[in-house]
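Me: I should like to learn how to read the features of a structural model, beginning with burial. Could you guide me through one?

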Amino acid sequence: MIKVVGTGTGTPSPDDVAAGAELVVGGRRHLEAVRLPEAAERVVLGPLAPALDTIEEYVAKDRQVVVLASGDPGFFGIVRALAERFGTERLQVRAGVSSVAAAFARAGLPWDDAVVVSAHGRELRTAVNVCRARPKVAVLTGPGSGPAELGAALLDSDRVLVVASALGDPARERVERVTPAEAADRDWGSAVSVVLCLDERRALGTVRTVAGPAGGPAGWALDEGEFTYRDSMITKFEVRALALARLGPRLGDLVWDVGAGSGSVAVECARLGAAVVAVEKAADGARRIRANAWAHGVDVRVVHGAAPGVLAGLDDPDAVFVGGGGRELHALVAECARRARRTVVVALAALDRVPGVREALTGAGFTCDGVLLQSSRLAPLPGEVSRLAATNPVFLLWGVRPPARTEGVAQ
């Protein structure tokens, strides 16, 4: 068996934790904190592959191995790598208190409704997008993805950061509440383990019976009556349903809604978990988007300005919905296609603009497809009977960026 023991963050290490071990693997601080058998070989964790190779040599000879880890080793920890290499049946895991649990405890907050995302050895943008979309997020940090970088990416947000450093170390542990600007302006050193990102207006939420973030909204492609809008300036729910299916908004994504109007697409993308930027050139439209987002309990960043010029200061999106563009539509779609990582969806009422949009999408290297949506809704007539009332036809075009070629790359 491989004995895996979580220590620190409030979990004391028993004196006999490594008793009988012939190989002990762990971080330098873990090895220094426990009493080790004199004859045991010690491996200080750095690169994981050499440590796993050494463990395999001992396991093959049925020799006792102990692995020391921080907190709960099954939570973004070494248990995954050990299970993949040696199988779960060889592991005997004793979990400690995870750094996330410890951080929320220090902050005095429940965390059954929190989202946890790791930025350790991963791209920071996913963690940033989750922080924008959810009111309560724990970010596991790493080199180059610490509180300073996270704060710099959230400068325009109204979030509060709780930075928990050196959890479980009585001499060095610190828990500080800071603004994103304050976080960005400091050197946090190398002892940071977890950052809580909170929207304090919504962080406490409601009483829950199921742990974890909401699995998704109760419904989508909402009726137009669920939004405040001017005249007919709203994407109809039939069009919105297909647009959402092609956009594929999900937790960790960034979506632009350009020419957002009422913000119905932006709000629905946010309800499905994405971080959303709604771009609208009309001041009353921008106010309407904010009101609709607030009414549906989601966070949508509203940018008041004319596209494509105003897009220059925004982070590159995963997906873009274009619901307006006027005479500059071709240039707008071309710019969105240049910036989008995955897909661009465009809604059009005018037949004459379809060729230009297709050209802009294919010219950016996207594969392009589309449909003409013509729907008829049931409408009442006198005598308790119904008729079909046709809605205006809408062209929906979408471009998808082909996956990167991986010839010669082992999968």
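Reply: A residue counts as buried when its relative accessible area is under 20%, and as exposed when that area is over 50%, with partly exposed in between. Please bear in mind throughout that this is a predicted model.

Me: By that cut-off, is Asn292 buried or exposed?

Reply: Asn292 counts as buried because its relative accessibility is 2%. This residue belongs to helix H10, which covers residues 283-295.

Me: What does the side chain of Asn292 reach?

Reply: The Asn292 side chain comes to 2.8 Å from the backbone nitrogen of Thr228. Leaving aside residues up to four places away in sequence, Asn292 touches Phe227, Thr228, Ser262 and Val267.

Me: Val267 lies in helix H9. How many residues of H9 are buried?

Reply: Burial can be read for a whole element as well as for one residue. In H9 (residues 264-271), eight of the eight residues are buried, so the helix is largely enclosed by the rest of the structure. The buried set includes the charged-type residues Glu268 and Arg271, along with Ser264, Val265, Ala266, Val267, Cys269 and Ala270.

Me: Which elements cover the buried residues of H9?

Reply: The cover includes two helices, H8 (237-247) and H10, and the strands E11 (254-258), E12 (275-280), E13 and E14. Just after H9, Gly273 adopts a positive phi of about 110°.

Me: Where is a positive phi found in a residue other than glycine?

Reply: One case is Asp62, with phi near 55°. Asp62 sits in the loop that runs between helix H2 (48-60) and strand E4. With a relative accessibility of 71%, Asp62 counts as exposed. Phe76 is another case, with phi near 55°, and this residue is found in the loop between E4 and helix H3 (79-86). Phe76 counts as partly exposed because its relative accessibility is 48%.

Me: Both loops adjoin E4. Is E4 mostly covered or mostly uncovered?

Reply: Strand E4 spans residues 65-70 and is mostly covered, with five of its six residues buried.

Me: In which sense do E1 and E4 pair, and over how many bridges?

Reply: The pairing of two strands is read from the bridges between them. Strand E1 (residues 2-7) pairs with E4 in the parallel sense, over six bridges. Among these partnerships, Thr7 is matched with Ser70 of E4. Strand E2 (residues 23-26) also runs parallel to E4, and three bridges join them. There, Leu23 has Val65 of E4 as its bridge partner.

Me: Which residues does the cis peptide bond join?

Reply: For a peptide bond, the angle to read is omega. The bond between Ala307 and Pro308 is cis, with omega about 10°. Pro308 lies in the loop that links strand E13 (300-304) to strand E14 (319-322).

Me: How should these local features be placed within the whole protein?

Reply: Overall figures give the setting. The protein has twelve helices and 19 strands, and its C-alpha trace spans about 90 × 50 × 50 Å along the principal axes. Of its 411 residues, 47% count as buried. Among contacts with a separation of 6 or more, 64% are between residues 24 or more positions apart.

Me: What do the surface and the charges show?

Reply: The accessible surface comes to about 20600 Å², and carbon and sulfur atoms account for 51% of that area. There are 47 positive and 48 negative side chains, and the centres of these two sets lie 2 Å apart.

Conventions: Residues are numbered from 1 along each chain as its sequence is written. This is a predicted model: local features need pLDDT of at least 70, side-chain atom pairs count only at pLDDT 80 or more; totals for chains, interfaces and linings use all residues. Side-chain values use heavy atoms; hydrogens and water are left out. Buried means under 20% relative accessible area, exposed over 50%, partly exposed in between (1.4 Å probe, protein chains only). Helices (H or I, at least four residues) and strands (E, at least two) are DSSP runs, numbered from the N terminus. Two strands pair if DSSP finds at least two bridges between them. A polar contact is a pair of N or O atoms within 3.5 Å; within protein, one must be able to donate a hydrogen and the other to accept it, and residues adjacent in sequence count only if both atoms are side-chain atoms. Contact means heavy atoms within 4.5 Å. Accessible areas come from the Shrake-Rupley method with a 1.4 Å probe; for residues, only the protein chains shown count as cover. The place of a charge is taken as NZ of Lys, CZ of Arg, CG of Asp or CD of Glu.
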